[in-house]
Amino acid sequence: MNMMKKALLGSTFALALTAAAGAQTIAIQGATLVTGTGASLPGATIVIQNGIVTAAGTGAAVPAGATVIDGTGKTVTPGLFVSSSDIGIEEVSAVEQTNDSKAENKDFAVAYDPSYAVNPASSLLPLARLGGVTRAVIMPAAAFGDGAHAHEADTAGHVEEPLFHGQPAIIHTGAAPDIVVRSRIGVALPLGESAAKNAGGSRSLSVAILKEALDDARHYAANKAAFNQGGTRDYSLSRADLEALLPVARGEAPLFLAVSRAADIRLALRLAREEKLKLVLLGAEEGWIVAGEIAAAGVPVIMKPTTNIPNRFEIQRARLENAALLEKAGVNVIITSTADGHYANQVRFEAGTAVAYGMPRDKALAAITSRPAALFGVKDAGVIAVGKPADLVLWAGDPLEPTVLAEKVFVNGAEQSLQTRARALEQRYLKR
């Protein structure tokens with residue numbers, strides 16, 4: 001039998017196994033169920049039939065013939081959501097050819113759509129699944145501003161980068177040929193030290209560039225016919241960038257602003273008011289200082305709770321209680337991990353740190369499940385509810401404990417392999 005026939009038979013066999021697994025009825029009994037909406041139910045039963053949750057709660061009946069999993073001492077949560085990462089568009093940080101997480105073409109800065117570069121065969125996806133991650137927002141690397149992807153300086157000590165950093169996208173981490181859930185969900189850019197550098201040395205210049213771009217996008221939308229005939233004024237952006245910025249300029253899609261110091265957060269809130277923008281803050285390391293103002297504006301914050309080392313002037317007052325203080329003030333706090341996709345699986349440790357420093361446990365769990373799912377409009381994720389596809393994780397214990405591992409992960413109703421490249425290498429070379 002030649003290699004092609006073997007490959008075809010192997011693929012057919014794999015598809016048959018997947019179909020059989022999807023048709024299977026599974027019941028997890030006696031686990032603590034975290035629904036994602038704030039409820040935590042001990043001794044619950046979760047039933048999955050044909051990939052759909054058909055029962056979830058205490059006292060639920062187990063269908064005849066179901067495969068029963070003993071969940072005693074274990075926890076079931078919705079699949080975890082990483083809200084800012086480059087997972088799927090980067091493989092080896094130090095190898096430029098494997099890194100599609102940055103775009104340095106100033107003519108296509110806003111229009112940069114990382115979803116076109118997503119690799120569903122990335123070795124980082126199984127690693128994320130092992131950490132319970134089933135959804136992720138691909139955030140253009142430079143936008144988050146946490147230093148995970150700092151560009152190498154040229155001989156002059158400065159790298160020319162566009163102010164805008166493209167359009168985030170949403171992916172799932174399941175095994176599939178296409179894992180993009182939604183592309184072009186908004187526009188991302190920094191506002192602070194890096195933006196000042198890229199604009200010409202001042203935050204004021206970065207604000208002027210942003211405001212001009214928004215005005216140009218609105219003018220372009222009202223004068224497309226004239227633009228096509230060369231009858232409009234000169235614009236600061238290319239046509240592709242103007243088109244990409246339009247939903248943000250109209251307030252239809254969010255502007256993701258990476259911002260750190262308290263003064264810059266106030267500036268971001270002011271810009272949102274003046275330009276009538278739908279704003280989402282990224283980072284907000286000094287957010288606790290202006291928590292009341294953020295809450296009053298109704299602006300969500302995507303943040304990394306463990307950021308507390310002042311390695312930049314703009315985060316001198318960062319503190320580990322940031323998430324708890326923002327939550328207490330009424331801010332919609334969404335927790336993420338570092339932008340580097342190699343660490344996407346650590347989002348639960350970020351949530352655990354937030355709990356250790358005062359954030360209520362149920363709120364921290366919601367911040368990595370239901371809250372981001374609601375913010376990004378992912379209806380089939382973030383909660384465990386009857387009638388929804390199984391998008392959930394069975395943990396050996398408390399998912400916020402570093403030593404606890406995921407035992408089963410379901411994405412879009414299908415149980416996923418938890419084999420990673422690291423585990424495969426261990427199995428190959430470990431001497432027994």
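Two rings of Phe, Tyr or Trp count as a pair here if their centres lie within 6.5 Å, and a pair is called stacked if the planes are under 30 degrees apart. By this rule, five aromatic pairs turn up in what is a predicted model.

**View 1. Phe81 and Phe376 stack across a long stretch of sequence.** The ring centres of Phe81 and Phe376 are 5.8 Å apart and the planes make an angle of 25 degrees, which gives a stacked pair. The two partners come from distant parts of the chain: Phe81 belongs to strand β6 (residues 80-85), while Phe376 is in the loop between α13 (370-375) and β15 (392-395), 295 residues apart. Neither ring has much contact with the outside: Phe81 is buried because its relative accessible area is 1%, and Phe376, with 7%, is buried too.

**View 2. Phe376 also stacks with Phe256.** Here the centres are 6.2 Å apart and the planes of Phe256 and Phe376 meet at 25 degrees, so this pair is stacked. Phe256 sits in strand β11 (residues 254-259) and Phe376 in the loop between α13 and β15, so the contact ties together parts that are 120 residues apart in sequence. Both Phe256 and Phe376 are buried. If you put this view beside the previous one, you can follow a single aromatic cluster made of Phe81, Phe256 and Phe376.

**View 3. A charge sits over the ring of Trp288.** The residue to look for is Arg319, whose charged end is placed over the Trp288 ring at 4.6 Å from the ring centre.

**View 4. Glu90 is a buried acid with polar partners.** Glu90 is located in the loop between β6 and α2 (124-130). With a relative accessibility of 2%, Glu90 counts as buried, because buried means under 20%. Which side chains does Glu90 contact? The side chain of Ser93 is one of them, in a polar contact of 3.1 Å. The side chain of Asn99 is another, and its polar contact with the Glu90 side chain spans 3.5 Å.

**View 5. Arg203 and Glu314 form a salt bridge.** The structure as a whole holds 21 salt bridges, and this view shows one of them, with the closest N and O atoms of Arg203 and Glu314 3.7 Å apart. Arg203 is part of helix α5 (residues 203-222), and Glu314 is in the loop between β13 (301-303) and α10 (322-329), so the bridge ties together parts that are 111 residues apart in sequence. Glu314 is buried, since its relative accessible area is 8%.

**View 6. Lys211 of helix α5 meets Glu274 of helix α8.** The side chains of Lys211 and Glu274 form a salt bridge with an N to O distance of 3.1 Å. Because Lys211 lies in helix α5 and Glu274 in helix α8, the pair ties together parts that are 63 residues apart in sequence. Are these two partners buried, partly exposed or exposed? Lys211 counts as partly exposed at 28% relative accessibility, and Glu274 is likewise partly exposed at 40%.

**View 7. Asp264 and Arg261 belong to a salt-bridge network.** A salt bridge of 3.1 Å, N to O, brings the side chains of Asp264 and Arg261 together. Asp264 is buried, with a relative accessible area of 2%, whereas Arg261 is partly exposed at 31%. Through salt bridges with shared partners, Arg203, Arg261, Asp264, Arg312 and Glu314 are joined into one network. The Arg203 and Glu314 bridge shown earlier involves two of these names.

**View 8. Arg184 and Lys276 have positive phi values.** Most residues other than glycine have a negative phi, which makes this last view worth a look for anyone checking backbone angles. The phi of Arg184 is positive, at about 50 degrees, although the residue is not a glycine. Arg184 is found in the loop between β9 (180-182) and β10 (187-190), and its relative accessibility of 45% makes this residue partly exposed. The phi of Lys276 is near 55 degrees, again a positive value in a residue other than glycine. Lys276 is placed in the loop between α8 (262-275) and β12 (278-283). Lys276 counts as exposed, because its relative accessibility is 66% and exposed means over 50%.

Technical notes
Residues are numbered from 1 along each chain as its sequence is written. This is a predicted model: local features need pLDDT of at least 70, side-chain atom pairs count only at pLDDT 80 or more; totals for chains, interfaces and linings use all residues. Side-chain values use heavy atoms; hydrogens and water are left out. Helices (H or I, at least four residues) and strands (E, at least two) are DSSP runs, numbered from the N terminus. Buried means under 20% relative accessible area, exposed over 50%, partly exposed in between (1.4 Å probe, protein chains only). Rings of Phe, Tyr and Trp (its six-membered ring) pair if their centres lie within 6.5 Å; planes under 30 degrees apart count as stacked, over 60 as edge-to-face and the rest as tilted. A charge sits over a ring if NZ of Lys or CZ of Arg is within 6 Å of the ring centre and within 35 degrees of the ring normal. A polar contact is a pair of N or O atoms within 3.5 Å; within protein, one must be able to donate a hydrogen and the other to accept it, and residues adjacent in sequence count only if both atoms are side-chain atoms. A salt bridge is a side-chain nitrogen of Lys or Arg within 4 Å of a carboxyl oxygen of Asp or Glu.
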